[in-house]
Amino acid sequence: GYGAYGGTAPAALAAAPVPEVQQAPVVVISGGARGIGAATADRFAAEGARVVVLDRDAEALEALPADRQGLRLDVTDEAAVAQVMERIAAQHGRIDVFVNNAAIADDFAPTTEQSLDAFERGLAINLIAPLQLAAAAARVMLRGGGGAIVNLSSIAARGGLPRRNSYCAAKAGVEALTRSLACEWAQHGVRVNAVAPGYIATPGVMALEAEGKRSLRAVRRRIPLGRLGNPAEIADAVAFLASPRAAYMTGAIVPVDGGWSAFG
Ligand code: NDP
């Protein structure tokens, strides 16, 4: 049968409609040292999970709370990505949940002045690395009989944002990967879903106004619920999609954006 996090094997349905969780899940979160990733780590740690945070920021890893493990990783280092997942598997025995969260959003160049290097860097971190990470996590999950992957997309996947070409393209790619990997791994008990946040009050988003890149007043006016989201509200959706309560969800993209994407 499948692991609790990946859902229930068809033949087992009659006997066990809701999979029972026997032990603390092993949850791995990329870019989990700050922002939404850190809030997601808080959430899983509070539920008693064994949380492993992957991040490139050594100082932030040193400052992590004691209820989670930090491992240094640059997600664009292909060999290191495969190694770190095997190291976690060796230490904890399995990986139940992987949250594909690390990303950058620092390129605001006008497209006509952007270098190919800058465009490729955006795709490398925000699209290619998430695929490599998902594959490395799934290798462990397939051996263990199942698991759940939650990718972080964005409203930028569907709504055009000016001077955000690689970010928009990468996030659209993350949504396409979510569907493709969900279909490939469903029969092996690995579910793949995504959360698409709107504007969330992280330090990076709050800095947009100070740097003159976005008016947050205008952003708030555009959001039906009239405010930015907070990182814990994204963590709630991630935790739900990862949990056995979402056992019949795979390939889904869940907007958590205060109604931004519903507004026509
Ligand atoms: P942050 O920039 O606050 O945190 C991202 C984390 O990922 C940082 O710790 C960062 O490290 C790390 N990271 C970046 N690049 C790498 C790398 N190459 N290797 C390892 N770690 C890396 O991001 P947010 O919390 O704002 O966003 C989290 C996710 O949510 C992202 O996928 C983002 O696209 C998505 N999202 C966020 C929204 C928002 O409003 N904040 C809106 C929509 C989507 P370092 O500190 O060194 O950069």
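Trainee: Which element supplies the largest share of the shell around the ligand, and how many residues does that share hold?

Mentor: The largest share comes from α1, with 3 residues. Helices are DSSP runs of H or I with at least four residues, strands are runs of E with at least two, and both are numbered from the N terminus. This is a predicted model, in which local features need pLDDT of at least 70, side-chain atom pairs count only at pLDDT 80 or more, and totals for chains, interfaces and linings use all residues. Residues are numbered from 1 along each chain as its sequence is written.

Trainee: What makes a residue near the ligand, and which residues come nearest?

Mentor: Its C-beta atom, placed from the backbone, must lie within 6 Å of the molecule. Of the 27 residues around the ligand, Gly31, Gly35, Ala103, Ser154 and Ile200 come nearest. Both α1 (35-46) and α6 (203-210) supply at least two residues of the shell.

Trainee: Why is arginine 163 called partly exposed?

Mentor: A residue is buried with 20 or more other C-beta atoms within 10 Å of its own, exposed with 12 or fewer, and partly exposed in between; C-beta atoms are placed from the backbone. Arginine 163 has 14 such neighbours, and therefore counts as partly exposed. This residue is in the loop between β5 (147-152) and α5 (165-185).

Trainee: What is the phi of arginine 163?

Mentor: Arginine 163 has a positive phi of about 60°, although it is not a glycine. Most residues other than glycine have a negative phi.

Trainee: How do you know that the span of α5 is close to the expected one?

Mentor: The expected span is 1.5 Å times one less than the number of residues. For the 21 residues of α5 this gives 30 Å, and the helix reaches 30 Å from its first C-alpha to its last. Among the buried residues of α5 are Tyr167, Val174, Leu181 and Trp185.

Trainee: Why is the protein called as compact as a globular protein of its length?

Mentor: The protein has 8 helices and 7 strands. Its radius of gyration is 18 Å, close to the 18 Å from the globule rule for 264 residues, so the protein is as compact as a globular protein of that length. The radius is taken over C-alpha atoms, and the rule is 2.2 Å times the number of residues to the power 0.38. Buried residues make up 44% of the 264 residues.

Trainee: What is the average pLDDT of the protein?

Mentor: The average is 95, and 95% of the residues score at least 70; pLDDT is the predictor's confidence in each residue, from 0 to 100.
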